[in-house]
Structures are given as structure tokens and as C-alpha cells.
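Let's take a friendly walk through some aromatic rings and nonpolar cores. Please have a look at the model first.

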Amino acid sequence: MVTGSPVEVRNSPITLPMTRRLAFSNVSDLLRHDEALIAALTEYNAHGRRDSVPLKNFHWGYTVSVDIGNPTRTYELIVDSASAITWVGGHTQYVSSTGTNIGVPVGGTYQYGSFQGTLFEDSMTFGTDELSIDRMRFGVASTSQGFAFDGVLGIGPRGLTHGTLPTVVDYLVQQYAIRRPIVGIFFKPIGVGAALIGDGEISFGGANRQRYTGTIRYTDITDIPPSSQYWGINQRITYGDTPILDYTAGIVNCGYTFLYIASDAFERYQAATGGTMNAANGLLQISHIQYLRLHNLYFHIGQVTYIFVPNAQIWPRSLNHKLDGGGDDDIFLVVKGLEFATGSGLDFINGYVFLQRFYVVFSGSMRPRIGFARTLYSRDESN
């Protein structure tokens with residue numbers, strides 16, 4: 001007979017705050033950021049790895065505070081759902097007496113920069129002793145380019161590491177910090193509340209029941225590449241009763257600002273809304289009369305339809321001062337067109353403007369899925 005101490009595994013999720021970073025000069029910065037991201041997802045080099053154009057010192061994204069090593073040092077890491085590797089040293093230098101140099105080279109190229117370094121092993125704590133990892137392996141940058149923050153916390157599918165390195169979520173499950181490989185994401189729209197910078201939260205091990213209403217409904221990861229390599233799904237979009245995008249594959253990603261759809265779908269959306277392209281900022285502009293006539297966008301995902309109300313489709317007017325070619329009360333749409341037509345395998349990107357209206361769950365179980373639920377802000381009028 002074998003005996004041993006029982007291991008207690010936490011059933012409830014552990015939730016951490018995320019800080020939104022909005023230090024960009026104008027919307028052109030955001031568009032260049034997203035364009036570089038799209039290139040990274042769709043262009044592959046001879047080794048089958050993605051290439052991208054680094055953006056220098058770009059201050060946009062959501063960060064979490066992570067404590068590493070001894071003496072404990074705190075790092076601000078960008079939450080990236082299109083990467084599965086965690087690394088530090090992009091800004092704050094990694095120093096720890098308990099760290100072990102594994103001696104394995106590691107590196108990565110992102111939409112906002114790149115790094116090269118070495119694999120280390122050390123302890124890592126996420127804001128609470130309840131959520132800590134002993135002897136986690138992560139990258140330490142010897143050189144980095146384009147990072148205003150300390151590094152990346154990768155919450156992408158484990159397949160992005162090509163099986164060479166466990167993800168943060170893998171470690172948390174293996175060390176019994178959480179029961180299930182699940183990450184919940186919540187964003188509060190920018191215009192909600194008195195503060196310009198809204199709130200964000202990330203939950204490990206499950207969904208935070210206080211942040212959504214109704215039921216979380218799941219859909220399987222798409223099998224169509226390249227979306228299948230990321231948190232990709234199949235969906236269909238209509239504008240009122242008008243078809244915009246047929247049932248096709250794309251991704252859900254918090255690293256993009258806007259909602260992107262294939263070029264032919266974008267043409268249909270522009271025609272339906274009557275928007276005209278503002279050459280100064282690259283966004284569709286509509287009049288106040290057109291806004292009053294704007295219809296809902298409907299996202300048909302699995303067996304559920306999610307309503308993207310007219311206010312969700314417009315740029316927050318509290319940030320109009322970040323726009324070239326527009327006044328404080330002008331109205332711009334946050335739907336953008338991709339450079340390629342339907343059929344590429346990446347026909348839409350549900351970016352931040354979508355995620356701030358719905359609670360999203362990334363489930364990395366044996367059957368990877370993404371879940372969606374409505375929140376108190378799904379129909380918010382703060383923009």
C-alpha cells in the first residue's frame with residue numbers, strides 16, 4: 001500500500017488586476033501596431049516561423065505585475081494571447097540569487113519588438129502567494145528591441161512553444177495552484193467610470209463569476225490554419241439583416257486594438273453604414289444622423305449570437321484628441337479591413353474593442369475551446 005499527503009487543488013479561480021497602458025501619440029500608432037501583428041500572423045519564413053516588423057517603444061497593452069526570484073523583484077509583463085513563452089529583462093534587469101541558468105538559447109519576435117536571451121529557472125509569484133510557481137523556466141533577455149515594458153506573459157496555446165517549454169498555465173496546473181488550464185479575460189470599456197484608464201482582470205483556473213452575466217458558451221478552436229495555431233474560432237457576422245462575413249475562421253486576441261474583417265466583408269460593412277474613409281486617421285467616419293441609424297453587428301459563434309451594439313462600433317469620443325483629422329465630437333468606426341479577401345484562413349480578428357464588450361475564456365484542455373459571455377458592459381453607451 002502506498003500512502004502520502006493529499007494535495008489540495010484550488011477550485012475557485014485566482015484573479016489579478018491588469019493595467020491598461022495608453023501612452024500612444026495618435027491612432028496611427030495603433031494602426032501600425034495592428035498591421036505589424038497581422039503580418040506576424042500571416043507571413044512565415046523558410047523555417048516556418050513568423051516574422052514581423054518590430055515597433056520601437058510602443059506603449060500599448062495590458063500588463064500584470066509578476067514577482068520573481070530572491071531578492072524579489074517585480075516585473076511588468078505584457079499579457080499576450082498570441083504567444084506562449086514568458087520572459088523578462090526587456091526593461092528591468094533580471095537579478096536573483098536563486099535563479100539557475102539552463103544554458104538554452106531562447107528568443108522571439110513580436111509585433112512590438114524582439115528579444116534574444118537564455119532560459120532560466122526560478123520562482124515566480126503572481127500578486128498572491130496562492131498563485132506561485134516553483135522552478136519555472138522562462139526567458140531572460142540579453143538583448144531586446146522595442147519594449148517599453150519588462151517582457152511578456154504568454155497565455156497563448158501551448159502548441160506555440162512547439163512542445164519545447166511548458167506555458168505559465170501548464171506550470172500552474174502541474175504544481176496544483178489551479179485545477180484547470182483556463183484563463184478568463186475581462187476588460188472594462190475606456191469610457192466607463194471617472195478614470196480615463198479603465199480596468200482589466202485576468203483569472204487563472206476558471207472564470208470570475210462576478211464579471212459576466214448569464215452563461216459562458218463555448219466553441220471549439222477552428223481547424224483552419226493559420227487561425228488554428230492561435231486562439232482561433234469560426235464565426236459569421238451580419239449587420240442587421242445584411243450578411244457581412246460568411247462562416248469562416250479568424251482569431252480572438254487582446255493584443256489588437258480594432259475589429260478586423262476580410263477586405264470584401266469590410267466593403268460590405270462600409271456600404272451598409274455609409275461611412276467614408278478619413279484619410280488622416282485611416283478610420284471610417286459617419287455623421288451623427290448616420291450614427292442614429294447604425295444597426296447592430298451580430299456575431300454568430302457556435303449556436304449563440306452576440307450583439308455588438310452601435311456604441312460598441314465607434315471609437316471612444318473621450319479619446320478623439322488622439323485622432324488626426326477629427327474634432328472632439330466627430331464619430332469614427334472601429335471596424336477595419338484586412339488586406340486580403342475571405343478565404344485566407346485569417347478572415348477576422350476580434351480585438352480589444354470586441355473583448356471589452358464580452359467576457360472571454362481561453363480553455364487549454366484536451367479539447368481547446370474559447371468561451372464567451374455577456375457582461376454589464378455589453379450594451380454600454382460610454383463611447
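What follows covers ring pairs, charges over rings, and the cores.

This is a predicted model, in which local features need pLDDT of at least 70, side-chain atom pairs count only at pLDDT 80 or more, and totals for chains, interfaces and linings use all residues. Residues are numbered from 1 along each chain as its sequence is written, and side-chain values use heavy atoms, with hydrogens and water left out.

The structure holds 20 aromatic pairs (ring centres of Phe, Tyr or the six-membered ring of Trp within 6.5 Å; stacked under 30 degrees between planes, edge-to-face over 60, tilted for the rest). Two tilted ones are shown here:

| Pair | Centre to centre | Angle between planes |
|---|---|---|
| Tyr-62 and Tyr-352 | 5.8 Å | 40° |
| Phe-354 and Phe-358 | 4.9 Å | 40° |

Both Tyr-62 and Tyr-352 are buried (under 20% relative accessible area, 1.4 Å probe, protein chains only), and so are both Phe-354 and Phe-358. Phe-354 and Phe-358 also belong to one aromatic cluster with Phe-299, Tyr-306, Phe-308 and Phe-372.

Charges meet rings too (CZ of Arg or NZ of Lys within 6 Å of the ring centre and within 35 degrees of the ring normal). Arg-317 lies over the face of Tyr-291, 5.6 Å from the ring centre, while the charged end of Arg-369 sits 4.2 Å from the centre of the Tyr-218 ring.

Finally, the largest nonpolar core (buried Ala, Val, Leu, Ile, Met, Phe, Trp, Tyr and Cys joined through side-chain atoms within 4.5 Å) has 92 residues, of which Ile-202 and Phe-204 touch the most other members. Apart from it lies another core of nine residues, including Tyr-110 and Phe-115.

Notes
Buried < 20%, exposed > 50% of the residue type's maximum accessible area, 1.4 Å probe, protein only.
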